[in-house]
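Trainee: I'm new to this one, so could we go through it together? I'll ask, and you walk me through the reasoning.

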Amino acid sequence: MQYFPLFYNLHRRKCLIIGGGNVARRRAKSLIRAGAKVHLISKEIESELESFLIESDASFEKQAIDINKLKNDYMLIVAATNDKAANAAVASFAYENRIPVNVADDRSACDFIFPSIIDRASLTVAISNSGKSPILSRLLKKQIGAYLPSAFGELSDFVGEYREQVKAAVTEDDERKIFWENVLQGAIAEAIYSGKKQRAHALFESALADPPKFNLQGEVYLIGAGPGDPDLLTLKAFRLLQKADVVLYDRLVSEKVMGLIAPEVELIYVGKYRDSHAVPQNDINQLLVEQARKGKRVARLKGGDPFIFGRGGEEIQTLVDYQVPFQIVPGITAASGCSAYAGIPLTHRDYAQSVQFVTGQLKDGTIDLEWSELISPGKTLVFYMGLKSLPIICESLIRHGMKSDTHVALIEKGTTDEQRVLVSNLKEMGSVLASERVASPSLFIVGSVVQLAEKLAWFDT
Ligand code: SAH
């Protein structure tokens, strides 16, 4: 460690800046943001800086600096003129008076350097690479900042108010640690993130009323994992996955999405195969309740969107019955993901004015669908789960009046590195299928929008 990070209280404390250009402006802005009383001296002051100083009620002298007239009651000094000799003179003054000094563009003369700052109310993250590359620090700041929702600072303010109360109510150290972890990662924090401060207060009060019970209160996140590409996860899905203690996942959740889960998180596979149900639905529902009741944060991760052919509704129903708190995070459904990555717009003013998602799953060897209702010009059909029944689907559509040269596309493992798009028409799809080995999962799109696939293809695997 080349520099020791300190968080300095500058509130209403006097700080001196010498210089009137870009650097002086940036320093003035961050010092004033921290509540400092800034005084600035420079013969010339750029106009943006001058207006900022006036707006912020900071004092300034528009004149050349006279070292002999400088006062020595500053908490810190910044020398940021473009005159090296002047900066050196200011630095010497600071050393003599034991006032910490920062000299622009001269690291060896600095007592301290300015970090890149992420400012979230009472939460502050300061980043430094010891002045080696300010750009690198700024890039890192952007990356770290993306993981800190703006309401993080509000959460920090909010829990700060309760610190003493919690200390009094939960005296045992270990218990208190669990209590705080639950507050900071559970429903109370989520309420703050979604702007529901009243609700957060109410939840906190009830937690304080019975801490042992609160410590055993888990939560379930029903999360849509999207069709495969991990970049298609929502920010909320990603954030909640990082908080989970245990993840229950399906066969459809891609390996790359699973790779985003920390190694210490417990993983439970509850996937189903077409013909053999690995874990009966009712057992999954009960497992969710059981895990949450142990006080765990349980992520129920499902391919695509949990509410589209995903049985998400049934799982949530059980949670409601058992009064387990939950959140639902929508995901990108296979139809959206696959069509986008195949360059097939599901609607298009010239080709299709509506789109219908249909399950093509066989039940007792047949498909139970109102065929004639599916067929209408200007409609795109998307069949999920229909690989086995694809020939029947094509035949039935033709039999019920759809033109046999209607364009169709079969998208295998859409949005992943292994995506394949097979374009054909209703009449010939059966023979394409016989000659190609198509694997699951795959999605079938029917309609004239498929014509655009060749022209709009962009995703090169
Ligand atoms: N809830 C999911 C759908 C579950 S049904 C969603 O919203 O996407 C499972 C069917 O979805 C599969 O049989 C297949 O038809 C389709 N599917 C899911 N992921 C897919 C992918 N990456 N590529 C092609 N089809 C996919």
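Trainee: How many nonpolar, polar and charged residues are in the shell around the ligand?
Mentor: Keep in mind that we're looking at a predicted model. The shell holds 18 residues, and among the closest are Pro227, Asp305 and Ser442. Sorted by class, they come out as 11 nonpolar, five polar and two charged.

Trainee: Which helix and which strand each supply at least two residues of that shell around the ligand?
Mentor: Ser442 is listed with the closest residues, alongside Ile308 and Thr333. Strand E17 covers 442-446, and helix H14 covers 334-342. The two that each give at least two shell residues are helix H14 and strand E17.

Trainee: Between which domains does the ligand lie?
Mentor: The protein is split into domain 1 (14-114), domain 2 (149-215), domain 3 (218-332) and domain 4 (335-456). Two of these give residues to the shell around the ligand, so the ligand lies between them: domain 3 and domain 4.

Trainee: How far apart are the C-alpha centres of domain 3 and domain 4?
Mentor: These two domains do touch: 11 residues of domain 3 are in contact with 15 residues of domain 4. Taken centre to centre over the C-alpha atoms, their separation is 28 Å.

Trainee: What share of the ligand's accessible area does the protein cover?
Mentor: Start with the polar backbone atoms beside the ligand's nitrogen atoms: one of proline 227 is at 2.8 Å, and one of glycine 303 is at 3.1 Å. A backbone N or O atom of isoleucine 308 sits 2.7 Å from a ligand nitrogen. On its own the ligand has 550 Å² of accessible area, and the part covered by the protein is 92%.

Trainee: Is glutamine 419 buried or exposed?
Mentor: Glutamine 419 is in the loop between strand E15 (407-412) and strand E16 (420-425). The cut-off for buried is under 20% relative accessible area. Glutamine 419 has 8% relative accessibility, so it counts as buried.

Trainee: Which backbone nitrogen lies 2.7 Å from a polar atom of the side chain of glutamine 419?
Mentor: That side chain has polar partners on the backbone. A polar atom of the glutamine 419 side chain is 2.9 Å from the backbone oxygen of tyrosine 341. The backbone nitrogen at 2.7 Å belongs to threonine 415.

Trainee: Which residues is threonine 406 in contact with, leaving aside neighbours within four places in sequence?
Mentor: Threonine 406 is in the loop between helix H16 (390-399) and E15. At 16% relative accessibility, this threonine 406 counts as buried. With those sequence neighbours set aside, threonine 406 has contacts with Ser424, Asn425, Leu426, Val446 and Gly447.

Trainee: How far is the C-alpha atom of alanine 58 from that of histidine 39?
Mentor: Alanine 58 is in the loop between helix H2 (47-55) and strand E3 (59-61), and at 13% relative accessibility it counts as buried. Leaving aside neighbours within four places in sequence, Ile32, Val38 and Leu53 are in contact with alanine 58. Histidine 39 is 19 residues away along the chain, and the C-alpha separation from alanine 58 is 6.2 Å.

Trainee: What is omega for the peptide bond from serine 440 to proline 441?
Mentor: Proline 441 is in the loop between helix H17 (429-435) and E17. The bond leading into proline 441 from serine 440 is cis, with omega near -5 degrees.

Trainee: What is phi of alanine 121 near?
Mentor: Alanine 121 is in the loop between strand E6 (116-120) and strand E7 (123-127). With a relative accessible area of 49%, alanine 121 is partly exposed. Its phi is positive, in a residue other than glycine: near 50 degrees.

Trainee: And what is phi of serine 130 near?
Mentor: Serine 130 is in the loop between E7 and helix H4 (134-146). At 11% relative accessibility, serine 130 counts as buried. Here, too, phi is positive in a residue other than glycine, with a value near 55 degrees.

Terms used. Residues numbered from 1 in each chain as written. Predicted model: local features only at pLDDT ≥ 70, side-chain atom pairs only at ≥ 80, totals over all residues. Heavy atoms only, no water. Near = heavy atom within 4 Å. Polar contact = N/O pair within 3.5 Å; in protein donor to acceptor, adjacent residues only side chain to side chain. Areas by Shrake-Rupley, 256 points an atom, 1.4 Å probe, with all protein chains shown as cover. Helix = DSSP H or I, 4+ residues; strand = E, 2+ residues; numbered from the N terminus. Nonpolar A, V, L, I, M, F, W, Y, C, P; charged D, E, K, R; others polar. Domains from an automatic or database assignment. Buried < 20%, exposed > 50% of the residue type's maximum accessible area, 1.4 Å probe, protein only. Contact = heavy atoms within 4.5 Å.
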